[in-house]
Amino acid sequence: MFLSSVPEMMEWGLRGASRSRRDALRWRLASLAVFLALWSVAGGLVELTKPFNPLFLPAPWVVIGALLDLARKGQLWVHVAATLERVAVGFSAGAVLALALGLLAGQVRAVRNVVEPVVELLRPIPPLAMLPLFIVWVGIGEGSKVGFITYATFFPMFVTTVHGVAQIDGRLLRAAQSLGARPRHLFFRVILPAALPDVLTGLRLGVALSFFVIVISEFVGAENGLGYLINDGRNFFLVPQMLGAALLLGLLGYAGNGLVRVLERRVLRWQHPR
Amino acid sequence: MKIRVRGLSRTFVAQGRETPALLDVDLEVAAHEFVCLLGPSGCGKSTLLNIVAGFLRPTAGEVRVDERPVTGPGADRGVVFQEYVLFPWLTVVGNVEFGLRLKGAPAAERRGIVARYLELVGLAAHAEKYPVQLSGGMKQRVAIARALANSPEIILMDEPFGALDAQTREVLQDELGRIQRVEHKTVLFVTHSIREAVYLADRVIVMTSAPGRIKQVFTIKLPEVRDRFAPEFTHYESEITRVVKEEVAKVHE
């Protein structure tokens, strides 16, 4: 019954899509199903024949069970919310900072000449290498975790914003000026919309990086969060909890990326209308 | 005089060497006159147009519009570029009403003006499309409507049909002629097509090759609606061709 209903569910989900899109989605879903099936078979075999302690490789249902267990105890949401809040605050601060400075540096040569060398100096340093310093400076609490996300996400968003502004076709500015545009008009009506594709690419990189670095900072001195769950699982040998939290992080990152993509499709409709 | 150009020179510096592009150009364009600047590539005709538009500063001399010196670009001089230069994130309507929005024109007024000019360039059916969905000829029609909707008294056109295929080019020349009979703008039009110049202009100004100077001025005494195959038309054409050829020959010497 389960197997026969999966293709039906796929058909339902794909109604109205074009043929090539349907084919592509079918293969993608099949690939996921095969992966889950192989994982289940491997987990089941390990459970039955016990070549090593089955704790090392829990089957998918064990992982989901562990997550449901946490949810039932009311803990899961606390951890998810803690991580999401840190990401939201840290990322937003990074975005505001990067956009403000990037839009300015993209336009004003002098600002660019002052800011860019420092950014180029710090950018190649893997942000994770700076985490201990953040803890020394800001302490082990929320401040260092949020601030660390802000620091890490600033760089890709700043660089893409500067690029977006700097690559604007000068003829667009001339055209606008000949239609009567003043400097403030140029900024809001030409520079901002022209830089938007690059800015949104930067936001997407920033979201991905947020979920990347939050885990590590929650390994250190956190009392909640999905990163904490993973580290806690390591201490108490709760492999299903570690895998479950990792899967959730993946899902959240995927959803964050999806949100920016939806935003992109809405505001950049002019690139691929209809 | 609507436009008065006096003693205009412009020198570009490339790799430490000064190259004069324009040398001591005097030019007057009367109100409602259609003037074509004609010459081989690199004769400085686009440089001259860019200085009148306010995009470039002259090295010497000055440009006056209505007796006021030009210091930068402005809404009194609409510009149509060779490569269209539409705002890709705006629809056809958004592009055409760009200048009106800057002026703060109320929505009802904007709608009326935009509808009128889209009708004039034959794009009423494509109002909600984005530039990526338009052909080259359609884009240039939008650019012309955008310039006209802003109601400047002067329109500067820099080889506006240079990137179009020959058929589209003639269609747009016909349309521009028709539009000019309605709008009576003061037009400065850069081209290297002699036929185009004779078809559209009241006066054709032939420029010398680098540095650009005015070589000869032809006043085209042909009826408003012109026939490209009339003997008088071809007479002007061959006359101007002879003068331009001397300049092209100089470039190849």
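**Entry 1. Chain B as a whole**

I began with burial in chain B and found that buried residues make up 45% of its 253 residues. I note here that the structure is a predicted model. For confidence, I looked up the average pLDDT of chain B, which is 93, with 99% of the residues scoring at least 70. The model as a whole scores ipTM 0.92 and pTM 0.86.

I then listed the secondary structure of chain B, which comes to 8 helices and 10 strands. The radius of gyration of chain B is 18 Å, close to the 18 Å from the globule rule for 253 residues, so chain B is as compact as a globular protein of that length. Along the principal axes, the C-alpha atoms of chain B fill a box of roughly 55 × 45 × 35 Å. I also checked the contacts in chain B with a separation of 6 or more: residues 24 or more positions apart account for 70% of them.

**Entry 2. The domains of chain B**

I looked up the domain assignment of chain B, which gives domain 1 (3-76 + 154-252) and domain 2 (87-151). The contact between them takes 11 residues from domain 1 of chain B and 9 residues from domain 2 of chain B. Which element gives the largest share of the domain 1 side? I found helix α6 of chain B, residues 166-183, with 5 residues. By class, I recorded 8 nonpolar, 1 polar and 2 charged residues on the side of domain 1 of chain B that touches domain 2. The C-alpha centres of the two domains of chain B lie 26 Å apart.

**Entry 3. Chain A as a whole**

I turned to chain A, whose secondary structure comes to 11 helices and 0 strands. Of its 274 residues, 31% count as buried. I compared its radius of gyration with that of a compact globule of 274 residues: the globule would be near 19 Å, but chain A has 23 Å. The box filled by the C-alpha atoms of chain A, taken along the principal axes, is roughly 75 × 55 × 30 Å. Among contacts in chain A between residues at least 6 apart in sequence, I noted that 69% join residues at least 24 apart.

The domain assignment of chain A gives domain 1 (2-57) and domain 2 (71-271). I find 33 Å between the centres of these two domains of chain A, taken over C-alpha atoms.

**Entry 4. Two places in chain A**

I looked first at helix α10 of chain A, residues 226-235. In this helix Leu226(A), Gly227(A), Tyr228(A), Leu229(A) and Ile230(A) are buried. What covers these buried residues of α10(A) includes α4 (76-107), α9 (183-219) and α11 (239-267) of chain A. After α10(A) comes Phe237(A), whose phi is positive, near 60°.

I next looked up Val119(A), which has its place in helix α5 (residues 109-122) of chain A. Why does Val119(A) count as partly exposed? I counted its C-beta neighbours inside 10 Å and found 18; a residue is buried only if 20 or more lie within that distance, and exposed if 12 or fewer do. Leaving aside its neighbours within four places in sequence, Val119(A) is in contact with Phe155(A) and Phe158(A). I also took the separation between the C-alpha atoms of Val119(A) and Arg28(A), 91 residues apart along the chain, and it is 39 Å.

**Entry 5. Where the chains meet**

How many residues of each chain are in contact with the other? I found 21 residues of chain B in contact with 13 residues of chain A. On the side of chain B, the elements that give two or more residues are β6 (77-80) and α3 (98-103). Of these elements, α3(B) gives the most, with 4 residues. By class, I recorded 14 nonpolar, 5 polar and 2 charged residues on the side of chain B that touches chain A.

**Entry 6. The nonpolar core**

I closed with the largest nonpolar core, which has 125 residues. Those that touch the most other members are Cys36(B), Leu38(B), Val52(B), Ala145(B), Leu188(B) and Phe189(B). The largest share of this core, 11 residues, comes from helix α7 (residues 142-166) of chain A.

I followed one of these residues, Leu38(B), further. Not counting residues up to four places away in sequence, Leu38(B) touches Thr191(B), His192(B), Ile194(B), Ala197(B), Val204(B), Ile205(B), Val206(B), Met207(B) and Val244(B).

Note on methods
Residues are numbered from 1 along each chain as its sequence is written. Chains are lettered from A and ligands numbered from 1 in the order in which they are written. This is a predicted model: local features need pLDDT of at least 70, side-chain atom pairs count only at pLDDT 80 or more; totals for chains, interfaces and linings use all residues. Two residues are in contact if their C-beta atoms, placed from the backbone, lie within 7 Å. Domain bounds come from an automatic or database domain assignment. Ala, Val, Leu, Ile, Met, Phe, Trp, Tyr, Cys and Pro count as nonpolar, Asp, Glu, Lys and Arg as charged, and the others, Gly among them, as polar. pLDDT is the predictor's confidence in each residue, from 0 to 100. A nonpolar core is a set of buried Ala, Val, Leu, Ile, Met, Phe, Trp, Tyr and Cys residues joined through C-beta atoms within 7 Å. The radius of gyration is taken over C-alpha atoms; the globule rule is 2.2 Å times the number of residues to the power 0.38.
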